[in-house]
Amino acid sequence: MSPRVPAHNDDRSASYEGMSPGRLALRRLLANRLAAASALFLLALGLLALCAPLLAPRPYDAVDLPEALKPPSAGHWLGTDALGRDLLSRLLYGARVSLAVGVVATLVSLVIGVAYGAIAGYVGGRTDNLMMRFVDVLYGLPFMFLVILIVMVAGRSLLNLFIALGAVQWLTTARIVRGQVMSLKEREFVEAARALGAGPLRLIFRHIVPNLLGIVIVYATLNVPAVMLQEAFLSFLGLGVEHPMPSWGTLMAEGARSMEVCPWLMVFPGVTFSLTLLALNFLGDGLRDALDPQSR
């Protein structure tokens, strides 16, 4: 006599029947409390960044020398810096810059990496070999050296920072997409579209790439914190956003110079930055599990 599956498992399996893959992935994501809490934290942080002009108690570049290096108080909730600028205001405006750098630079890298990897994987042969050898050569160069070189040649600006960071982050994306395309290009739905007269570009970007969105989204979520860390490193070197525009990296760099005397200048940006990176990583892990068709 075969063992009977518990009733609650039957109910759970029945509840999944008839659900679209998107709703099923959302349900699994919400069931992951850590990932759901991270998503809420990032959503709230994004709203605070967007509303920074309305929420900031003072302009981020308002200098008030008599109030310089004041500790947290009722007048300045997070204290002031060496020029008397309100740290809370600069932290809110810095969120706009740091999040924008992470998201936009990641989008730039995804556009380049997905297109490059998809074409290499679909065409195959000598073209694929040459394209991937070029990727291997770029892998042999230090990423930060390339970013610093691009920023120094193109000049310091937010747009150049987006381009510089995005231009060196696409290599891993290209490799991941290439491998997936090579496994999908011989599948039945691709053969059917080819038989109906679809050209190579239509096959790649209309039929194959949409089936890779789950992997691409997960990698993008995990790539944003890496880009934000690189921007913070550039800010410590003095190659970040132009003064007086703040980012979390520039705030931490400024706070590190007077950390022993005024620890709040380092603690508040550092804690906010760390919590954001943790939330992005937890959300990326949750998305990876939620989009896995084998998970329950």
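Which residues of the largest nonpolar core touch the most other members? In this predicted model, that role falls to Leu29, Leu87, Met228, Trp248 and Phe273, out of 33 residues in the core. Several helices feed into this core, with at least two residues each from helix 3, helix 5, helix 12, helix 13 (248-257) and helix 14. Helix 14 gives the largest share, at 9 residues. Leu29 is a handy place to look at the packing up close: setting aside residues up to four places away in sequence, Leu29 touches Ala35 and Ala36, and also Leu283, Gly286, Leu287 and Ala290. A second core, separate from this one, holds 18 residues, and Ile204, Val209, Leu212 and Ala220 are among them.

Stepping back, the overall makeup is easy to describe. The protein has 14 helices and 0 strands, so read from the N terminus the elements simply go α-α-α-α-α-α-α-α-α-α-α-α-α-α. The C-alpha trace spans about 80 × 55 × 30 Å along its principal axes. Of the 296 residues, 43% are buried. Among contacts between residues at least 6 apart in sequence, 71% join residues at least 24 apart. As for the surface, the protein exposes about 15900 Å², and 67% of that comes from carbon and sulfur atoms.

Next come the empty spaces. The second largest pocket has a volume of about 320 Å³. Its lining counts 15 residues, and those nearest the centre are Leu42, Val103, Thr221, Val224 and Leu280. Four helices each supply at least two residues of this lining: helix 3 (33-50), helix 5 (87-123), helix 12 (213-236) and helix 14 (264-290). As to character, the lining of the second largest pocket splits into 12 nonpolar and 3 polar residues, with no charged ones. Helix 3, helix 5, helix 12 and helix 14 thus turn up here as well as in the largest nonpolar core.

How many cavities of 30 Å³ or more does the protein have? The count comes to 1, and about 40 Å³ of space lies in the largest cavity. Around this space sit Thr173, Ile176, Val177 and Gln180, together with Leu212, Ile215, Val216 and Tyr219. Helix 9 (170-184) and helix 12 are the elements that give two or more residues to the lining, and helix 9 makes the largest contribution, with 4 residues. The lining of the largest cavity has 6 nonpolar residues, 2 polar ones and no charged ones. Leu212 links two parts of the picture, since this residue lines the cavity and also belongs to the second core.A few single residues round out the description. Leu69 has a positive phi of about 55°, although this residue is not a glycine. Leu69 is found in the loop between helix 4 (52-55) and helix 5. Is Leu69 buried or partly exposed? With a relative accessible area of 34%, Leu69 counts as partly exposed, because the buried class stops under 20% and the exposed class begins over 50%.

Ile119, for its part, belongs to helix 5. This residue is also partly exposed, at 31% relative accessibility. Leaving aside neighbours within four places in sequence, Ile119 is in contact with Met131 and Ile204. Ile204 is one of the residues in the second core. Ile119 and Phe205 are 86 residues apart along the chain, and their C-alpha atoms are separated by 9.5 Å.

Val151, in helix 7 (residues 143-154), is a buried residue with a relative accessible area of 3%. Not counting residues up to four places away in sequence, Val151 touches Arg156, Leu161, Ala164 and Leu239. From Val151 to Pro225 there are 74 residues in sequence, and the distance in space is 20 Å, C-alpha to C-alpha.

Notes. Residues are numbered from 1 along each chain as its sequence is written. This is a predicted model: local features need pLDDT of at least 70, side-chain atom pairs count only at pLDDT 80 or more; totals for chains, interfaces and linings use all residues. Side-chain values use heavy atoms; hydrogens and water are left out. On a 1 Å grid over the protein atoms alone, a cavity is a set of points where a 1.4 Å probe fits but cannot get out, and a pocket is an open set with protein on both sides within 12 Å along at least five of seven lines; lining residues have an atom within 4 Å of a point. Grid points are joined across faces, edges and corners, and a volume is the space filled by probe spheres set on the points. Ala, Val, Leu, Ile, Met, Phe, Trp, Tyr, Cys and Pro count as nonpolar, Asp, Glu, Lys and Arg as charged, and the others, Gly among them, as polar. A nonpolar core is a set of buried Ala, Val, Leu, Ile, Met, Phe, Trp, Tyr and Cys residues joined through side-chain atoms within 4.5 Å. Buried means under 20% relative accessible area, exposed over 50%, partly exposed in between (1.4 Å probe, protein chains only). Contact means heavy atoms within 4.5 Å. Accessible areas come from the Shrake-Rupley method with a 1.4 Å probe; for residues, only the protein chains shown count as cover.
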